[in-house]
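Got the model open in your viewer? Let's walk through it one selection at a time.

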Amino acid sequence: MGMLISDLGTVPFAHSAQQIRLTDELGIKCVSHTGAAKTSILLRGLRELDDHGLLRPGHLHAHSNGLTGEDWKLIAQTGGYVVSTPSSELQMGMGFLPYRACVEHDIPFGLGTDLTGVTTDDLFTQMNIALQIERALANDQIHQRDSMPFEITPTVRDALYWATMGGAKVMGLADEIGSLSVGKKADLIIIRHREGFVPMMNYAGGVVQMTHSNDVDTVIADGVIRKRHGKLCGYDLAKVETLAQSAFDSLAKKSKSFNTLAASDIEKFFRLAERKASYHFAQAYSKEYFDRTLN
């Protein structure tokens, strides 16, 4: 279990500190949207948190696309983790996924899916997008030297790792799940490419580059079959669909009264939020803090 704390900078610093301490008291994972605004002060504050001992081992930093070198050092030094959600980060203007920075600073890195109202919750899609982004960035560095890439990196196995063992590590569950190993939970996904005409020669490549969620035939979680022959097991699917449709109808009705904001309105709100973030981060310090630190 974990708790996503309020977006850093959007609430008083004391509130952020209180929330982080609460995760400690409850013994649950602390998660934050960190550095998800590429050129903004919003969602940062790592230095301020660290100065008060609030960056704890296992803190899961979601996104992190806009962090700087010093930020990465703080995450590495305090034993933090990073998870990227490529499709939502690209379309929401957060920046490219921070895989290379994590590799450089030896920070555990995994993939997530973000909110399903914005993008797919399909990890196959996330693996594919993440892999192609990283390959394009690596290739571009070579293109800038007026040459062509003769080795394609990262590999499909790297991408498969991000979504399996990478995900397990950033969740603090690497000893229990993430790989097919003796002593771990029996978590299995069986894939059947119903639309394929021939077998695959490269299985990792097939999973990462050619698989969709509707190709998942069977799911076994901790030894319990949750999906078989493409159908969920143990659920009244008709009831689930009825409840989902009812919720959708209610939201669709309410949404008709919503106002669509112009880009100028959104920017005005965003700039005000940045100023509030400056104010909230400044609350981490006082004359007493500097007197104590300098002495």
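Start by selecting V219 and K227: K227, in β8, is the bridge partner of V219. Helices (H or I, at least four residues) and strands (E, at least two) are DSSP runs here, numbered from the N terminus. Now colour the whole of β7 (residues 216–221) and β8 (residues 224–228). These strands run antiparallel and are joined by three bridges; two strands pair if DSSP finds at least two bridges between them. Zoom in on the turn of this hairpin, where two residues sit between the strands and D222 takes a positive phi near 55 degrees.

Before moving on, a word on what you're looking at: this is a predicted model, where local features need pLDDT of at least 70 and side-chain atom pairs count only at pLDDT 80 or more, while totals for chains, interfaces and linings use all residues. Residues are numbered from 1 along each chain as its sequence is written, and side-chain values use heavy atoms, with hydrogens and water left out.

Back to β7, and add β6 (residues 188–191): the two strands pair in the antiparallel sense over four bridges. Click on L188 and you'll find I220 of β7 standing opposite.

Next stop, the aromatic rings. How many aromatic pairs does a search of the whole structure find? There are six, counting rings of Phe, Tyr and Trp (its six-membered ring) whose centres lie within 6.5 Å; planes under 30 degrees apart count as stacked, over 60 as edge-to-face and the rest as tilted. Select F109 and W162, an edge-to-face pair at 5.8 Å centre to centre with 90 degrees between the planes. This pair links distant parts of the chain, as F109 lies in strand β5 (residues 109–111) and W162 in helix α7 (residues 156–163), 53 residues apart. F109 is buried at 8% relative accessibility, and W162 is buried at 3%. (Buried means under 20% relative accessible area, exposed over 50%, partly exposed in between, with a 1.4 Å probe and protein chains only.) Add Y99 and you have one aromatic cluster of Y99, F109 and W162.

For a stacked pair, pick Y285 and F290: their ring centres are 5.7 Å apart and their planes at 25 degrees. Y285 is partly exposed at 22%, and F290 is partly exposed at 43%.

Now for the core. A nonpolar core is a set of buried Ala, Val, Leu, Ile, Met, Phe, Trp, Tyr and Cys residues joined through side-chain atoms within 4.5 Å. The largest one has 42 residues, and those with the most contacts inside it are L49, W72, I75, V82, F109 and W162. Helix α6 (residues 123–143) gives the most to this core, with five residues. A second, separate core of five residues includes V31, L60, V83 and V170.

While you're at α6, select N139, which belongs to that helix. Is N139 buried or exposed? Buried, at 15% relative accessible area. Leaving aside residues up to four places away in sequence, N139 touches P149 and I152 (contact means heavy atoms within 4.5 Å).

Last stop: helix α11 (residues 263–282), with 20 residues. Highlight A273, E274, A277, H280 and F281, which are buried. Seen down the helix axis, the buried residues of α11 fall within an arc of 130 degrees (taken from the directions from the axis to the C-beta atoms), so they line one face of the helix. Covering them are elements including α1 (13–26) and α2 (46–51). Spin to the other side of α11, and S264, K268, L272, R275 and Y279 are exposed.

Key:
The expected span of a helix is 1.5 Å times one less than its number of residues.
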